[in-house]
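Here is a short report for a reader meeting this structure for the first time. Please look over the sequence and the model before reading on.

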Amino acid sequence: MALSWKDKVMRNFDTQAHLYDQYGDVQAHVADSLACDLPCLKNAAILETGCGTGFLTAQLARKYAGHQLHITDVSPRMLEQTKSRFSGMSTRFFILDAEKEQTGETYDLITASMVCQWFEDLEEGLDNLKSMLKPDGTFYFSLPGPDCFKEWRSTLDQLGLPSGMPNFSYSEGIYREEKIKKSCRDSWAFLSSLKNMGASCGRENYAPLTLPQIKKACAAFDSQNFEHVTWHILYGCITKA
Ligand SMILES: C[S@@+](CC[C@H](N)C(=O)[O-])C[C@H]1O[C@@H](n2cnc3c(N)ncnc32)[C@H](O)[C@@H]1O
């Protein structure tokens, strides 16, 4: 049976979990940056969704030591990596599809660093997360913005080729943004780093480029000597109300 888009997203992250840290330097930076914005809380119940290998988990464990932490991901191997690094009397680790599933509990704080762009239906996923907030709870997140990978997108545009990257446009609750220029030797280094970290699933119903089209796009990208690719990151906070 053909895999659904969501299953492919999960499979890609799951298969590449062992390489994620090696290629996830932008994600590590974003997790640290998001953690600086998180509120001070007392005896809080906290849910982390899409923990990956634990970049944000490390910050949560430090900032909220002794609080009730529920650390989750849809990928078993990602979750296993995080679980092997952190443990604590008040920490629970479990599989959760944050877009569709509920834990049966409510939280003072829910976090998702670089996760929600992988939801099939962003609005539905955010509603699901909001419904798990306590009345005065907050949901903090980061996700790619519209200018993310603009060098690659503009190259495809110039050639009249479609981009399989999700349409990163989202505005609710965004309180700041950041543009990170990640150095990149060439198109191959850029594309393979996304693939190696598991973030290579084209948007739903996207017909992948043919090999000649990819070669043409890579040659056009490389001829522009970009030296870096822009990661445009949005930081957001939503309350239940
Ligand atoms: C780009 S990684 C980010 C991981 C981590 N938060 C970080 O900042 O490094 C995306 C993570 O979200 C997870 N993910 C994707 N869709 C998900 C969903 N519907 N529910 C929960 N986790 C999901 C993936 O398995 C992966 O671990």
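The text below covers the ligand shell, then the two domains and their contact.

**Around the ligand**

This is a predicted model. The ligand has 26 residues around it. Of these, F13, Q27, G50, G52 and S75 come nearest. The shell is made up of 16 nonpolar, seven polar and three charged residues.

Which helices supply at least two residues each to this shell? They are helix 1 (5-15), helix 3 (25-37) and helix 4 (55-63). Helix 1 provides the largest share, three residues.

**Two domains**

The domain assignment splits the chain into domain 1 (5-145 + 233-239) and domain 2 (150-166 + 180-231). Taken over C-alpha atoms, the centres of domain 1 and domain 2 are 27 Å apart. Domain 1 puts 17 residues into the contact, and domain 2 puts in eleven residues.

On the side of domain 1 that touches domain 2, helix 1, helix 2 (20-23) and helix 3 each supply at least two residues. Helix 1 gives the most there, with six residues. That side of domain 1 divides into nine nonpolar, six polar and two charged residues.

**Composition in brief**

The table sets out the residue classes by region.

| Region | Nonpolar | Polar | Charged |
|---|---|---|---|
| Shell around the ligand | 16 residues | seven residues | three residues |
| Side of domain 1 that touches domain 2 | nine residues | six residues | two residues |

Helix 1 appears in both settings: it supplies residues of the ligand shell, and it supplies residues of the side of domain 1 that touches domain 2.

Terms used. Residues are numbered from 1 along each chain as its sequence is written. This is a predicted model: local features need pLDDT of at least 70, side-chain atom pairs count only at pLDDT 80 or more; totals for chains, interfaces and linings use all residues. A residue is near a molecule or strand if its C-beta atom, placed from the backbone, lies within 6 Å of it. Helices (H or I, at least four residues) and strands (E, at least two) are DSSP runs, numbered from the N terminus. Ala, Val, Leu, Ile, Met, Phe, Trp, Tyr, Cys and Pro count as nonpolar, Asp, Glu, Lys and Arg as charged, and the others, Gly among them, as polar. Domain bounds come from an automatic or database domain assignment. Two residues are in contact if their C-beta atoms, placed from the backbone, lie within 7 Å.
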